[in-house]
Every structure is written in C-alpha cells, then in structure tokens.
Amino acid sequence: VQTVVGPTGAPGTTYGLAFAPVGSTLYAATSSQLGTINTSTGAFTALGSFGTASGPLGPVVLDRVVDLN
C-alpha cells in the first residue's frame with residue numbers, strides 16, 4: 001500500500017532508504033545527514049551528520065553518499 005505523505009524536509013537529495021521492521025523505523029541518508037522519516041507524516045528527523053570516522057586504516061572522510069545500495 002502506498003500513501004503520499006508530502007515533503008520530508010530533509011536537506012538536499014535523499015540517496016538511500018532502509019526500513020527496519022523491528023520498531024518500524026524508516027532510515028534515510030541524504031548527501032549530508034543520516035536520519036529517520038516518520039511514516040505517518042513524512043517528516044525527516046536528523047540523527048547526525050556525515051563527517052570523519054576513525055578506524056584501523058586511520059581517519060576516513062564521510063562526506064558523500066552516492067550509489068548507496
């Protein structure tokens with residue numbers, strides 16, 4: 001069933017979506033932020049910005065989300 005709920009208010013273009021059936025959470029990745037989308041209202045809520053991650057290979061800049069599959 002599809003329902004149009006309107007604009008999300010997410011910054012920029014949404015490049016990826018993932019649905020977690022446990023908790024019924026819809027996650028969205030824009031060009032600069034990770035957040036959730038309310039499935040009733042369509043409102044985007046930012047969880048955080050992409051930035052720099054650090055791991056065994058050193059710091060990695062996370063500044064673009066493209067071709068997210």
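In this predicted model, 22% of the contacts between residues at least 6 apart in sequence join residues at least 24 apart. The chain has 69 residues, of which 20% count as buried. About 5,000 Å² of the chain is exposed, and carbon and sulfur atoms supply 58% of that area.

The secondary structure consists of six strands and zero helices. Along the sequence, the pattern therefore reads β-β-β-β-β-β, each element being a run assigned by DSSP. Four strands form an open sheet in the order E1-E2-E3-E4, and their pairing is antiparallel. Strand E1 (14–20) and strand E4 (44–49) occupy the edges of this sheet; each has a single partner strand, so one side of each is left without a neighbour in the sheet. From one strand to the next, the twist averages 25 degrees. In general terms, the strands of a sheet pair through backbone hydrogen bonds, in either a parallel or an antiparallel arrangement.

The pairing of E2 with E3 may be considered next. Strand E2 covers residues 25–30 and strand E3 covers residues 33–37; the two pair in the antiparallel sense over four bridges. The connection between E2 and E3 is a hairpin of two residues. Two pairs of residues help to locate the register of these strands. Leu26 has Ile37 of E3 as its bridge partner, and Ala28 stands opposite Gly35 in E3.

On its other pairing, E3 is joined to E4 by five bridges, and these two strands also run antiparallel. Ile37, already named as the partner of Leu26, has Phe44 as its bridge partner in E4. Thr36 is bridged to Thr45 in E4. The hairpin of E3 and E4 has six residues between the strands, and within this hairpin Gly42 takes a positive phi near 85 degrees.

What is the burial state of E3? This strand is mostly covered, with four of its five residues buried. Thr36, which lies in strand E3, has a relative accessible area of 19% and is buried, because the cut-off for burial is under 20%. When neighbours within four places in sequence are left aside, the contacts of Thr36 are Thr25, Leu26, Tyr27, Ala43, Phe44, Thr45 and Leu47. Among them is Thr45, which is also the bridge partner of Thr36 in E4.

Two residues of strand E2 illustrate how accessibility can be assigned along a strand. Thr30 lies in E2 and, at 0% relative accessibility, counts as buried. The C-alpha atoms of Thr30 and Phe50 are separated by 9.3 Å, although these residues are 20 residues apart along the chain. Tyr27 also has its place in strand E2, but its relative accessibility is 33%, so this residue counts as partly exposed. Tyr27 belongs to a nonpolar patch on the surface together with Leu34 and Leu47, and the accessible area of the three together is about 260 Å². Of these patch members, Tyr27 and Leu47 are both in contact with Thr36.

At the edge of the sheet, Leu17 is found in strand E1. Is this residue buried or exposed? Leu17 counts as exposed, with a relative accessibility of 58%; the assignment follows because the cut-off for an exposed residue is over 50%. Leaving aside neighbours within four places in sequence, Leu17 is in contact with Leu26, Tyr27, Ala28 and Ile37. Among these contacts, Leu26 and Ile37 are bridge partners of one another. The C-alpha atoms of Leu17 and Gly35 are separated by 9.7 Å, and the two residues are 18 residues apart along the chain. Gly35 is the residue of E3 that stands opposite Ala28, and Ala28 is itself one of the contacts of Leu17.

Conventions:
Residues numbered from 1 in each chain as written. Predicted model: local features only at pLDDT ≥ 70, side-chain atom pairs only at ≥ 80, totals over all residues. Heavy atoms only, no water. Buried < 20%, exposed > 50% of the residue type's maximum accessible area, 1.4 Å probe, protein only. Contact = heavy atoms within 4.5 Å. Areas by Shrake-Rupley, 256 points an atom, 1.4 Å probe, with all protein chains shown as cover. Pairing = 2+ DSSP bridges. Axes fitted to C-alpha atoms, helices over the stretch in contact; angles between N-to-C directions. Patch = residues over 30% accessible without salt bridge, like charges linked within 9 Å, V, L, I, M, F, W, Y side chains within 5 Å. Salt bridge = Lys/Arg side-chain N within 4 Å of Asp/Glu carboxyl O.
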